[in-house]
Structures are given as structure tokens and as C-alpha cells.
Amino acid sequence: MSNFFKRLLNDSSSSDEEERNTWFAAAIEFERQTSEGTGSGDKSSRQYRYRDRVGGHSRLLNDYIVENPVYDETLFRRRFRLSRPLFLRILHTLQQHNDYFVQRRNAANTVGLSGEQKMTAALRMLAYGMSADSLDEYVRIGETTTIECVKRFCQGVVEIFGPEYLRSPNAADISRLLRKANQRGFPGMLGSLDCMHWAWKNCPAAYHGMYTGHVHRPTIVLEAVASYDLWIWHAFFGMPGSNNDINVLDASNLFANLQEGCGPSVNYTIMGNHYNMGYYLADGIYPKWATIVQSILHPQDLAHEFFAKKHESYRKDVERAFGVLQARFAIVRGPARFWHHEDLTFIMKACIILHNMIIEDERVDDNGLVAMASGNDDYDSLGTDGPVEVSRGPISFDHFMATNRAIRDSNTHYALRRDIIAHLWTLHGQGVIE
């Protein structure tokens with residue numbers, strides 16, 4: 001109500017209640033007429049746009065979802081980054097978890113957006129990194145609703161699929177990773193370790209100094225461990241970009257299960273020496289720990305040169321995983337445009353979960369053939385090595401400290417690297433590894 005009518009009502013000395021009601025009704029009508037069609041930021045004055053949501057839903061189904069769609073499975077995979085069965089599996093699971101993705105009627109008995117429309121909008125923003133209002137023309141969904149769909153979709157994916165697709169390797173996974181590492185000439189290797197920076201465009205000005213590092217703009221760090229098949233087994237996200245890889249490693253929980261004695265044990269022998277902790281391949285910035293194997297910067301003989309060549313080749317697994325993740329989901333390749341750190345965390349974790357789900361759905365066997373998820377795959381099989389024992393019992397503080405010292409032992413680091421160099425050179429001499 002305008003200040004003029006407020007003063008008129010307050011200053012009126014008339015005791016006639018009917019006259020005051022007439023003035024009040026006139027003030028409300030005046031405010032309604034002056035606010036129509038203004039298009040200002042006030043929600044009460046926003047114009048209503050008829051988007052034909054039902055028509056948009058029908059076009060989306062005919063184009064991609066029905067039995068004989070306009071666009072086949074190949075185009076669906078290219079535009080949604082995942083297969084149609086995986087898309088429907090995620091959608092049905094989200095609908096059971098959160099009725100936000102279930103098509104309903106509002107208070108005016110009007111049919112709202114369908115789950116297919118909301119999930120399509122979220123996936124297109126993640127896959128292409130496009131602006132929210134660019135989806136309005138096809139999906140028939142507004143800008144603010146698209147942003148809400150992205151947030152709810154990412155949060156739902158993390159809550160539902162996170163425990164399965166963001167977990168640490170179990171006993172079966174350890175057996176498979178060790179079997180593949182042994183074939184590569186690195187017994188005991190569990191993957192490669194590295195960090196990636198995600199630029200934060202809309203970082204609050206008060207946080208710029210904390211989140212600005214060597215790239216001279218605010219970034220958030222992702223620490224990840226990836227295996228030969230580009231599966232991301234460990235993802236620690238959220239550290240400010242001013243931290244280097246060593247600071248991020250100290251803050252992460254990468255070796256938490258090993259320190260607490262609740263992770264799968266890894267036992268292997270190299271050149272007659274027994275080791276009971278797996279290790280990761282990393283670059284030169286990381287510390288000289290028993291669980292991290294680094295390359296040799298300036299190899300002086302043929303054995304060291306061969307080791308450096310193979311190490312740097314296999315260490316690129318995590319770099320390849322970062323590249324595939326950013327190629328599939330352009331939102332993590334470009335600068336982040338969300339304001340809140342929590343939203344960025346859900347987005348990054350959701351993209352990693354979807355990345356792992358796609359790998360499981362379209363994994364490639366040793367013959368280079370794509371093995372879609374079915375009953376014929378042996379992704380979780382134990383192979384011929386048998387299960388790996390897992391210790392879950394409580395440990396004492398002395399045992400915790402002893403394990404922590406063993407992880408950070410530099411002597412074991414150098415001894416392990418010497419044995420790997422000798423082992424690789426022996427296999428190379430026998431013609432097993434070229």
C-alpha cells in the first residue's frame with residue numbers, strides 16, 4: 001500500500017467505519033492496478049507465462065523415452081551422458097526417495113512438471129554447463145525452477161547412491177585391483193593419487209584470499225584416487241585453493257580406515273620382501289610415505305629410466321579420470337557459478353557418482369568390448385586370488401599411533417621403490433613387460 005493511502009487512513013478523523021472500509025478497498029485496488037505488468041524483482045509482481053508444460057513433457061517422451069523415440073540410444077547417450085536404462089533407473093529411484101520428482105497437480109488443479117523434465121534440466125546443466133534459462137524453450141521450465149532441480153537432483157544422487165558409488169574399495173575390489181596391478185608390474189598398487197582445482201566464479205569477496213592459490217583466482221580442491229578403469233575410489237572435496245596437495249592430504253581421510261584398522265588388509269611380496277600396506281602412485285610434491293610411491297626425477301641408469309617411464313604412464317590414470325569427468329560434465333570444467341559452498345560440494349560429488357555409474361554401466365573388458373551392466377559381467381568377482389581379510393575390531397591408541405608412524409615411514413618408502421624398480425627390470429628382462 002502506498003504511503004499516500006497509509007497517511008490518509010491514519011489521519012482520517014471520520015468515525016464512519018463504512019467510509020474507512022471504502023478507502024481501504026480503494027487503496028488495495030490501486031496497488032493491484034499499479035503493480036500489474038511491472039516485471040520487477042518482487043515476486044508478487046512477476047508475470048505468469050504459460051509454458052505448456054504438458055506439451056513439453058509429451059515432446060520429451062516422444063523424442064527420447066518412448067519405445068520408438070525420435071532419437072536413438074546413441075544420441076541419447078551423447079546428449080544425456082548416460083544410457084536410457086540408467087537414466088530411468090536413477091529417475092525411478094529419485095521418485096521413491098523424494099516426491100519432488102513425481103508429477104503432481106498444484107492448488108489450481110494444474111499439472112506440474114514431470115520427473116523426466118526436471119531430471120533432463122538437471123542433467124543438461126551438469127553435462128553442458130549451460131545457463132539455467134537456456135532450457136526454457138525445450139524443457140519448458142523456468143530459470144529458478146531449473147536451479148532448484150539441479151540442487152535437489154545432486155543432493156538426491158549423493159544421498160541415495162553415495163554409499164555405494166563413493167565408497168572405499170572392499171575386499172573384492174582390492175583383489176581385483178591387486179590382480180591388475182600385478183599384471184602391470186606394480187604389486188600392491190591400489191591406484192593413482194592427485195588433486196584438481198575447480199574455479200569458483202561467484203566466490204564471496206570475503207573468501208577470495210583464502211580460496212586463491214597458484215592459479216590466481218578462487219578455486220576449490222578435489223583430491224581423488226582413480227584406478228586403471230578410471231573409477232574414482234576416493235573423493236575429498238572442499239579445501240580452499242590456497243592449499244597445496246600436501247595440505248589437502250593431511251586434511252583428507254584417505255588413510256583413515258588404515259589408521260583405524262578397519263580397512264581391507266593388503267599383503268604382497270616384492271623381491272622377497274613382504275609388505276602389508278597398499279600404495280598409490282603420485283607426483284613429486286607428495287611426502288615420502290610408505291603408502292605413496294613417486295617417480296625418479298633424473299634417472300641415472302636404464303632400470304631407473306624404465307621405472308620412471310612406467311610410473312608416469314600409470315600415474316596418468318587419475319589425470320585421465322579428471323579429463324573424462326570434465327568432458328562428461330562441463331559444469332566442473334568451467335567456473336562454478338553457484339554462491340554456496342554446500343551446493344558446489346553436492347554438485348561435485350553427484351558428478352563423480354554419475355561418472356562411476358556410467359563406468360559400471362559401460363565398462364570395457366580386456367578385449368576392448370563394451371560390457372553393459374548385466375548378469376554376465378564379473379566386475380565384483382573375486383577371481384582366483386580369493387577374498388582379502390578385513391579387520392573390523394577395536395584398536396588401542398598405541399596401535400593407532402604405530403600404524404600412523406608406519407604410514408609415514410620414509411625408509412619403507414625408499415625400500416619399496418627399490419624393490420619395485422628391481423621387480424620391473426626383471427620382468428622387462430624376461431620379456432613380460434615391454
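This tour moves from the whole chain to selected helices and aromatic side chains of a predicted model.

**The whole chain**

Begin with the full protein chain in cartoon view. Its secondary structure amounts to 17 helices and nine strands. Colouring by accessibility is useful here: 45% of the 434 residues count as buried. Switch to a surface, and the exposed area is about 22,500 Å², with carbon and sulfur atoms supplying 50% of that area. Among contacts in the chain with a separation of 6 or more, 67% are between residues 24 or more positions apart.

**Helix α3 and its surroundings**

Next, select residues 53-65, which form helix α3. Show the side chains of the buried residues in this helix: Gly-55, Gly-56, His-57, Leu-60, Asp-63, Tyr-64 and Ile-65. Then add the helices against which these buried residues pack, namely α4 (73-80), α5 (84-97), α6 (115-128) and α7 (136-139).

**An aromatic cluster**

Keep Tyr-64 displayed, since the next selection includes that residue. Tyr-64, Tyr-71, Phe-76, Phe-80 and Phe-87 together form one aromatic cluster. Now add Arg-124 and look at the ring of Phe-80: the charged end of Arg-124 sits over this ring, 4.8 Å from its centre.

**Tyr-100, Phe-101 and Arg-152**

The structure holds 20 aromatic pairs. One of them is formed by Tyr-100 and Phe-101, whose ring centres are 5.4 Å apart and whose planes stand at 90°, so the pair is edge-to-face; the cut-off for that class is an angle over 60 degrees. Are these two residues buried or exposed? Buried means under 20% relative accessible area. Tyr-100, at 9% relative accessibility, therefore counts as buried, and Phe-101, at 0%, counts as buried too. With Tyr-100 still selected, bring in Arg-152, which lies over the face of the Tyr-100 ring at 4.3 Å from the ring centre.

**Helices α14 and α15**

Finally, select residues 316-328, helix α14, together with residues 341-361, helix α15. The axes of α14 and α15 come within 10 Å and cross at roughly 105°. Angles of 65 to 115 degrees count as roughly perpendicular, and α14 and α15 are therefore roughly perpendicular to each other. To display their contact, show Ala-321, Val-324, Leu-325 and Arg-328 on the α14 side. On the α15 side, the contact is made by Met-348, Cys-351, Ile-352, His-355, Ile-358 and Ile-359.

Methods: Residues are numbered from 1 along each chain as its sequence is written. This is a predicted model: local features need pLDDT of at least 70, side-chain atom pairs count only at pLDDT 80 or more; totals for chains, interfaces and linings use all residues. Side-chain values use heavy atoms; hydrogens and water are left out. Helices (H or I, at least four residues) and strands (E, at least two) are DSSP runs, numbered from the N terminus. Buried means under 20% relative accessible area, exposed over 50%, partly exposed in between (1.4 Å probe, protein chains only). Contact means heavy atoms within 4.5 Å. Accessible areas come from the Shrake-Rupley method with a 1.4 Å probe; for residues, only the protein chains shown count as cover. Rings of Phe, Tyr and Trp (its six-membered ring) pair if their centres lie within 6.5 Å; planes under 30 degrees apart count as stacked, over 60 as edge-to-face and the rest as tilted. A charge sits over a ring if NZ of Lys or CZ of Arg is within 6 Å of the ring centre and within 35 degrees of the ring normal. Axes are lines fitted to C-alpha atoms, for helices over the stretch in contact, and angles run from 0 to 180 degrees between N-to-C directions. Angles under 35 degrees count as roughly parallel, over 145 as roughly antiparallel, 65 to 115 as roughly perpendicular and the rest as oblique.
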